[in-house]
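Please look over the sequence and the structure shown below before reading on. The paragraphs that follow go through one chain as a whole and then through one of its helices.

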Amino acid sequence: MLQVLIQGLLLSGLYALIAVGFTLIFSIGRVLNLAYGAYLLIGGYAYFYFTQAIGLPKFAAVLLAAVIGCALGILKFLLIVRPLRGNHVAIEISTLILAVVLQSAVVLAFGDSSKILLPIIPGVERVAGAAVPYSNLFAAVMSWVILIALWIFIRSTHTGRAMQAVSMDAKGAAISGIDADRVNMITWAISGTLGAVAGVFFASYTQLYPGMWVAPLIIAVAVVIVGGIGSIIGTLIVAHIIGFMEVLVSTYLAPELRGIFTMVLIIAILVLRPRGLFGREEL
Amino acid sequence: MALLEIDKLSAFYGKAQALHEVSLSVGAGSIIAVVGANGAGKSTLLDSIMGLTKTTGAVRFDGAEITGCKTKEIVSRGIGYGPERFNLFPFMTVRDNLLVGAYTARDDIGKNLAAIHKLFPRLAERETQETSTQSGGERQMVSLGRALMSSPRLLLVDEPTIGLAPKVCLEIADVLRRLRDEFSLTVVITEQNANFALSLAERVHVLETGRLVAEGRPEDLANDERLAAAYFGH
Ligand SMILES: Nc1ncnc2c1ncn2[C@@H]1O[C@H](COP(=O)(O)OP(=O)(O)OP(=O)(O)O)[C@@H](O)[C@H]1O
Ligand SMILES: [Mg+2]
């Protein structure tokens, strides 16, 4: 029981971090960034490359992965999203294609066999019969720290309030002197950064492989669909629902079913409550 | 001296033309009104001044051309806008709505908030209320407050009395006068309510299907048949 609780908490923290970067883009640009999982892919591989191929310190490698994710987010905004402004279907299709292209690039550079990341912090703690790797604990704690920092940023800085404003009323934001393009670019930058960092943690949770952008994307989509248009609090709640259900399913039913549960949940919510559990347009 | 000069301004939505060569000028420190029936182009005129529509012609503010400027640039030069449907941020508190208005005027936040709370004591009481739960009158106050947070010299207000009870209309009129007298703001309002416009403004311009058809002082226009015609047809 305690074991489920601990594993649920750890996994949910990570899921919240994975989802929040995706939710941000959805609530501000109203567009599903289907290449979101690719940030995690690139972040994970960048970390692998910098630590295990080049031998940089782990902290520096996480930072570099974050910088690459940030750059990727900005590039994607400038090269795809802004030129296609308003054409959501085109943006979504191009982002999906981009994800597949990035996957091939990773295969080309690193091969298609999976890689094990050395733990960020080695060691395991045994709590009530559950083995809790320090890495996972670190990932969960960092996820929470990042989410809280993001929440404070969005609530109490001019840029953060501008992001909320653009998401709630574009004309109102414009006549307040906010340049929506700039706010969008900042949001894509933040999203890319969060995705890449989440990728480092996600890969150390599971393993590094070229197809690893799909699972996080499904989690992120599920959070947006189940939570309604993304608020950070809603994201947290839904990430915990999904995280705990997955742990419960894999503990008491079968580990193979855990991903399936998330997908069934998406479809069920789409059918039963198309606007999500907390359907309001808030950040 | 004219603070705002509009010269042969035309506005377009796709191929449809909503304003036809509108020219008018607004002296510093005055309140002027643009009146017209539904669809006359009042909102389009104000949107166009803010750079939100596709236009030809020229708009000058304080001697400098602002035609083609980004809305952000126009706001920072000193034009505040209270639009017809307010366009507030529904799930933000009153206070946060006002703070967004300060995006381009961050050094004046304390001063502007104090002034707005003095003008609208209700907003001080309701600081933490989400605007989605507010009444129409309260939203109008937040909308005006948000515009004032950008430290404007010119305030544009689209139909300040729309949907409001007569008592609230009088309050709003009083606030607009105080903004002119105490804060030396210049104010442009649009109105369907011609009586309100005539009682408040120093000059009134009559807009009919995208064209200015008459202008003058309220006492001269009150019995002008062109004012009536703009509403009731010929
Ligand atoms: N976004 C738009 N797209 C297309 N046409 C528009 C748009 N907005 C306004 N129009 C048209 O432009 C003309 C002027 O509209 P506008 O909203 O400026 O009038 P108004 O005087 O503000 O009317 P009201 O008193 O109803 O607010 C109308 O014919 C309207 O249908
Ligand atoms: Mg209008």
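**Chain B and its helix H6**

Chain B carries 26 positive and 29 negative side chains, and the centres of these two sets lie 4 Å apart. The model is a predicted one, and in it the secondary structure of chain B comes to 10 helices and 10 strands.

As for overall dimensions, the C-alpha trace of chain B spans about 50 × 40 × 35 Å along its principal axes. A compact globule of 234 residues would have a radius of gyration near 17 Å, and because chain B has 17 Å, its value agrees with that expectation. Of the 234 residues in the chain, 56% count as buried, while the area that chain B exposes is about 9,900 Å², with carbon and sulfur atoms supplying 50% of it. When the contacts in chain B with a separation of 6 or more are considered, residues 24 or more positions apart account for 67% of them.

Within this chain, helix H6 of chain B runs over residues 136-148, and at 1.5 Å a residue its 13 residues should span 18 Å; the C-alpha atoms at its ends are 18 Å apart, so the expected and the computed span agree. How many of the 13 residues of H6(B) are buried? The helix is mostly covered, with 11 of its 13 residues buried, where buried means under 20% relative accessible area. These buried residues include the charged Glu138(B) and Arg146(B), together with Gly137(B), Gln140(B), Met141(B), Val142(B), Ser143(B), Leu144(B), Gly145(B), Ala147(B) and Leu148(B).

Terms used
Residues are numbered from 1 along each chain as its sequence is written. Chains are lettered from A and ligands numbered from 1 in the order in which they are written. This is a predicted model: local features need pLDDT of at least 70, side-chain atom pairs count only at pLDDT 80 or more; totals for chains, interfaces and linings use all residues. Side-chain values use heavy atoms; hydrogens and water are left out. Helices (H or I, at least four residues) and strands (E, at least two) are DSSP runs, numbered from the N terminus. The expected span of a helix is 1.5 Å times one less than its number of residues. Buried means under 20% relative accessible area, exposed over 50%, partly exposed in between (1.4 Å probe, protein chains only). The radius of gyration is taken over C-alpha atoms; the globule rule is 2.2 Å times the number of residues to the power 0.38. Contact means heavy atoms within 4.5 Å. Accessible areas come from the Shrake-Rupley method with a 1.4 Å probe; for residues, only the protein chains shown count as cover. The place of a charge is taken as NZ of Lys, CZ of Arg, CG of Asp or CD of Glu.
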